[in-house]
Amino acid sequence: MIPRFAYGFALPITAALLTACSATGGAEGVEPSVRQVTQSAHCGLTGPGVALASSSAELEALLDVGGQNMSTGVIRQVNLDNESLVIVTLGQKPTAGYGVGLSSASKTGQTLKLGMDVTEPAPGMMVAQVITSPCVVLAVAEQDWQRLEISGLTEKLIVKEVGN
Amino acid sequence: MFAGCGGGSGGSESSPPAIDPGPLSGVISIEAGSRIDQDTMDQLGFAGASPASAVQVLPASFVLAGYVSGRDGAYDLLNGQRFVYVADAVDSYSVPMAPGETVTLRNSGSRQGNSELELILKGNGLTELSETTSTASPSVSLTLPEGSPDAVYRVDVRVVGNAPVRYVMAKTAGAQFDSLSLDWPNHGFAPGEAIVSLDASRRGAMSALAVGLADAERHLGGNDWLMRMPVQASSRAGNASAMYAETLDWISELRQAPGISGAEPNYLFTSMQQGPALTPVDEDLYRLQWHYDLINGPGAWQLAPGGGSGVQVAVLDSGLFSPDRVNRLWHPDLNANVGAGRDFVDGGNFPEDPGSSVGANVFHGTHVAGTIGAEVNGAGIGGVAFGSEIVPVRVLGEGGTGSSDDLIDAIRWVTGQDFPPVSEPRAQVVNLSLGGLPRIQRLEDAIAFGVNRGVIFVGAAGNSATSVPSYPAASPNVLAVSAVDAGGRLASYSNFGNWIDLAAPGGDASRDGNNDGRADVVWSTSAVAGASGFEASFTGLQGTSMATPHVSAVMALMKEQNNGLSYQNVRALLLDGQLTDYPGSRSDQLGYGILDAARALQANLGQGVTILSPSPSLVSLSNEGKTSELVTLSRIGDAGVSGVTVTQAPDWINVTAPVAEGSDYSLTVSLIESMIEPDTAYRGEILVTYDSDQNGRTLRIPVIAQILSDEQARNAGAHFVILVGTTPDEDGFYWAEAQVAAEAVNGRYEFRFESDDGEEPRRLSEVRPGDYYLVAGTDIDGDGIICQPGEACAEYPISGLREVITIKEGESLSNIRMTTSFTRPTITAETPDILPRPGFRGYRLITQEGDNPQRDIRPRTTQ
């Protein structure tokens with residue numbers, strides 16, 4: 001549902017990771033276990049950015065966004081006791097043909113670094129004239145990261161402090 | 001200190017009309033639900049002011065703007081001027097909340113940086129909830145958990161950091177979007193419905209209805225009625241299969257009832273033969289399809305009950321969803337209407353949209369095809385041309401992109417430009433919900449070949465909010481369709497320009513132009529990933545892609561009536577204003593206007609059929625707009641009309657009996673305010689039955705109503721009303737040339753400028769002749785600029801679409817009306833042709849004499 005008055009808002013990308021991080025200590029330089037759960041062309045999130053969900057309440061808030069058509073089944077299959085979900089959204093795009101996927105993942109100290117691969121239609125390409133809001137849903141097994149850096153999504157590095 | 005600014009207006013007390021109204025005066029009304037933080041910086045700027053310690057009381061539904069700051073300080077100099085801000089670490093509110101309701105907070109930052117904000121919800125034994133904004137997520141929200149008491153809670157907005165911050169907090173009344181159970185199993189009958197035969201006396205109907213056994217839905221002729229299971233009975237059914245079982249139980253009960261000689265399930269297809277043809281109005285999801293009302297669909301289906309039968313519409317798109325490719329079945333709401341197609345992406349004659357292996361599906365072609373030709377079968381929706389045949393042609397591959405070569409090949413195939421050419425085109429109408437191409441001569445040639453064979457092409461204008469022509473829509477041989485929202489206003493994304501032919505509903509998810517409490521998206525067929533692959537579904541999308549098939553479908557309805565209809569004929573009707581709600585002139589935004597299907601069919605039919613067509617086709621009642629509406633039922637056609645009766649209406653309106661006026665009829669619909677809850681959107685429909693051409697006909701007029709209860713209490717904060725020059729300075733600011741201040745009184749602002757009397761010093765309220773923009777807004781962070789994000793803003797005549805206002809010597813512009821809002825207001829006025837504006841930073845207030853370097857050198861007279 002998009003509230004009537006919420007025009008111009010990025011839809012609430014809620015769900016700062018609450019204190020679910022148990023101190024299980026991931027070693028430095030270990031390649032993190034990050035997998036791509038699904039992508040969607042209609043995530044319903046209008047601004048570029050990242051949302052986290054580590055509880056079913058947080059997840060349901062994200063799946064409740066109006067206009068999304070994500071594969072909710074595969075997302076709900078993720079066991080949030082073992083993995084947390086990171087949803088990286090490209091924001092609203094004017095046509096079909098845009099997408100975002102995971103290209104790299106690394107971890108330095110308590111910082112999880114995710115590189116994104118953004119695709120867009122080539123200039124002059126024929127595209128379906130439907131408004132889209134592409135995103136990718138990732139599942140991260142590591143529990144002890146406190147900071148998330150997303151590169152490749154926008155010109156700037158997107159940083160999300162998870163905190164306790 | 002900034003507090004004194006605008007005070008020099010000498011603004012007189014409310015002037016009696018006899019007094020010179022001044023060169024410019026008027027009223028600014030306030031968007032429903034607007035509230036203002038009690039200690040914004042413009043208030044804290046007054047000498048002796050300090051942050052409020054009291055909790056501010058808010059209503060159940062509001063949009064509030066506020067200001068907080070971690071400490072005292074000064075903004076960076078602006079044109080050499082210094083503006084200060086004052087610490088106000090937390091704003092506290094009391095908010096009535098019910099479980100499941102949500103408060104949303106959006107951080108707009110300030111010129112001095114971006115502190116984060118913490119939104120806190122507590123009280124009534126609730127474990128304190130909080131969310132903090134971040135750069136990536138400037139909006140946060142908190143939802144009251146289920147099981148919590150329905151009570152007044154404390155909501156705090158606390159600043160985390162030193163810099164001042166503007167924010168908007170909103171809570172809207174009412175339920176969340178319905179979670180629709182869309183996938184009715186495709187049993188052979190319509191759940192909750194029965195075809196009931198009454199004893200000849202028809203007293204049976206009375207007795208059945210009197211005991212609440214059934215609700216008459218529609219008279220099917222003779223003693224047969226389509227009846228619906230009463231709501232109290234049907235609401236017990238928790239799921240689809242229970243609903244079917246209950247329907248059968250109910251039908252058994254009906255058969256025992258006195259006065260009823262027979263009751264049958266409403267078997268799909270059967271009823272189409274027994275009674276008048278069903279139309280998309282009868283589908284379950286019709287209530288979501290505001291877009292059909294907007295194009296006057298119900299009127300059109302009276303005139304084209306076949307729904308485009310015998311006409312083929314090629315959908316050049318991403319193919320169609322197939323739930324069973326072994327048996328070559330299509331989406332169950334499309335399957336019966338899909339003919340032989342072709343796949344130009346992967347080759348072959350089964351143009352399936354395979355979806356995307358990684359989940360990035362669009363199912364665009366499925367959605368577009370549904371708007372044109374979904375079957376009327378009780379399985380979800382009906383297409384505008386629900387009897388037409390869809391020719392699926394796949395030219396867009398995974399992700400919804402494709403090549404112009406495939407498109408050209410596809411058009412050649414559809415138009416029959418084979419080698420050698422086949423005798424007939426494979427479709428009479430071609431839908432092109434795609435674009436982004438430059439002009440390509442081979443594409444133009446392929447289209448021209450089709451046009452010469454009587455094929456009508458309809459194309460999406462594109463979603464780039466620009467006037468740059470997008471092909472194929474911009475081709476002179478293609479109808480170019482721009483998109484409007486439910487209020488008939490150009491969608492924010494839609495292209496525009498001198499190449500637009502007409503507009504149709506494409507939706508705008510950021511708006512609710514018809515106040516139905518739902519975002520204005522276009523509903524149609526789709527597919528969604530399920531446990532075992534993709535499953536048929538329905539979804540709401542937005543885009544000029546969604547507008548285009550409405551036009552294509554109406555072309556199919558017209559072709560059914562007149563197969564010889566050519567593109568030239570269509571253009572002639574278009575330019576004559578007969579396909580649209582033609583306002584009398586063409587605009588670059590809407591072309592010749594918004595598609596009006598009933599009007600188009602009347603024009604196409606000429607004569608022969610007689611129907612009543614309602615105007616307006618949708619009645620919208622509100623205590624802030626009209627509380628009653630005269631609906632004219634215009635007779636279209638030459639035959640007589642009789643037995644015009646209102647057979648059904650919601651209990652929250654009064655409907656007068658139809659009165660004959662010459663060949664037309666009229667009735668008045670009035671809102672019964674005591675019957676509706678304030679601040680809740682109501683929807684219903686009026687059924688009018690009548691006889692013409694020996695046919696019993698039914699006309700449905702949708703009604704929406706709302707009582708807004710807060711108009712006196714609205715307050716968007718102290719407003720500066722300013723006249724600014726029409727060009728910004730090098731920093732992007734528009735400077736005030738004259739300025740007055742206004743406070744909200746009884747939910748509105750009044751303002752009045754004065755003529756320049758030539759005496760020095762020239763007061764801020766004095767205006768000289770010239771061209772200006774008239775704007776108003778708050779400066780809640782006290783930085784000398786209004787209309788920044790998070791601040792109220794009004795522009796004349798319509799926010800976002802300002803127009804130049806010319807002040808002339810000795811003339812007076814009074815009764816100027818504007819609306820201010822923290823967000824974009826809902827507008828129904830006709831949209832003027834104004835281009836988007838790049839790089840806008842806000843309007844610069846005058847804080848002291850001589851501020852504006854341009855102000856005093858402006859010529860005294862300007863035409």
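Two strands are taken to pair if DSSP finds at least two bridges between them. With that in hand, this predicted model can be walked through, starting with a sheet in chain A. Four strands make up this open sheet, in the order β1-β7-β3-β2, and the pairing is antiparallel. The edges are held by β1 (34-40) and β2 (49-53) of chain A; each has a single partner strand, so one side of each goes without a neighbour in the sheet. On average, neighbouring strands here are turned by 20° against each other, if direction is ignored.

Strands in a sheet are joined through backbone hydrogen bonds, and the pairing can be parallel or antiparallel. In the case of β1(A), the partner is strand β7 (residues 135-140) of chain A, and the two pair in the antiparallel sense over six bridges. To pick out one spot along this pair, A:Thr38 has A:Val137 of β7(A) as its bridge partner. A helix also comes into this picture: α1 (residues 56-63) of chain A lies across β2 and β3 (84-89) of chain A, and runs at about 140° to β2(A).

Over in chain B, two helices are worth a look. A packed pair of helices is described by the angle between the axes and by how far apart those axes are. For helix α11 (residues 544-561) and helix α13 (residues 597-605) of chain B, the angle is about 25° and the axes are 10 Å apart. Since angles under 35 degrees count as roughly parallel, α11(B) and α13(B) are therefore roughly parallel to each other. The crossing of α11(B) past α13(B) is right-handed. On the α11(B) side, the contact is made by B:Val554, B:Leu557, B:Met558 and B:Gln561, while α13(B) brings in B:Ala597, B:Ala600, B:Leu601, B:Asn604 and B:Leu605. Sorted by class, that gives seven nonpolar residues, two polar ones and no charged ones.

How much of α13(B) is buried? Seven of its nine residues are, so the helix is largely enclosed by the rest of the structure. The buried residues of α13(B) are B:Ala597, B:Ala598, B:Arg599, B:Ala600, B:Leu601, B:Gln602 and B:Asn604.

Elsewhere in chain B, strand β16 (residues 224-228) contains B:Met227. Is this residue buried or exposed? B:Met227 has 28 other C-beta atoms within 10 Å, and 20 or more is enough for a residue to count as buried, so B:Met227 is buried. The C-alpha atoms of B:Met227 and B:Ala194 are separated by 5.3 Å, although the two sit 33 residues apart along the chain.

Terms used. Residues numbered from 1 in each chain as written. Chains lettered and ligands numbered in written order. Predicted model: local features only at pLDDT ≥ 70, side-chain atom pairs only at ≥ 80, totals over all residues. Buried ≥ 20, exposed ≤ 12 C-beta atoms within 10 Å, placed from the backbone. Axes fitted to C-alpha atoms, helices over the stretch in contact; angles between N-to-C directions. Parallel < 35°, antiparallel > 145°, perpendicular 65-115°, else oblique. Left-handed = near helix turned anticlockwise from the far one by under 90°. Contact = placed C-beta atoms within 7 Å. Nonpolar A, V, L, I, M, F, W, Y, C, P; charged D, E, K, R; others polar.
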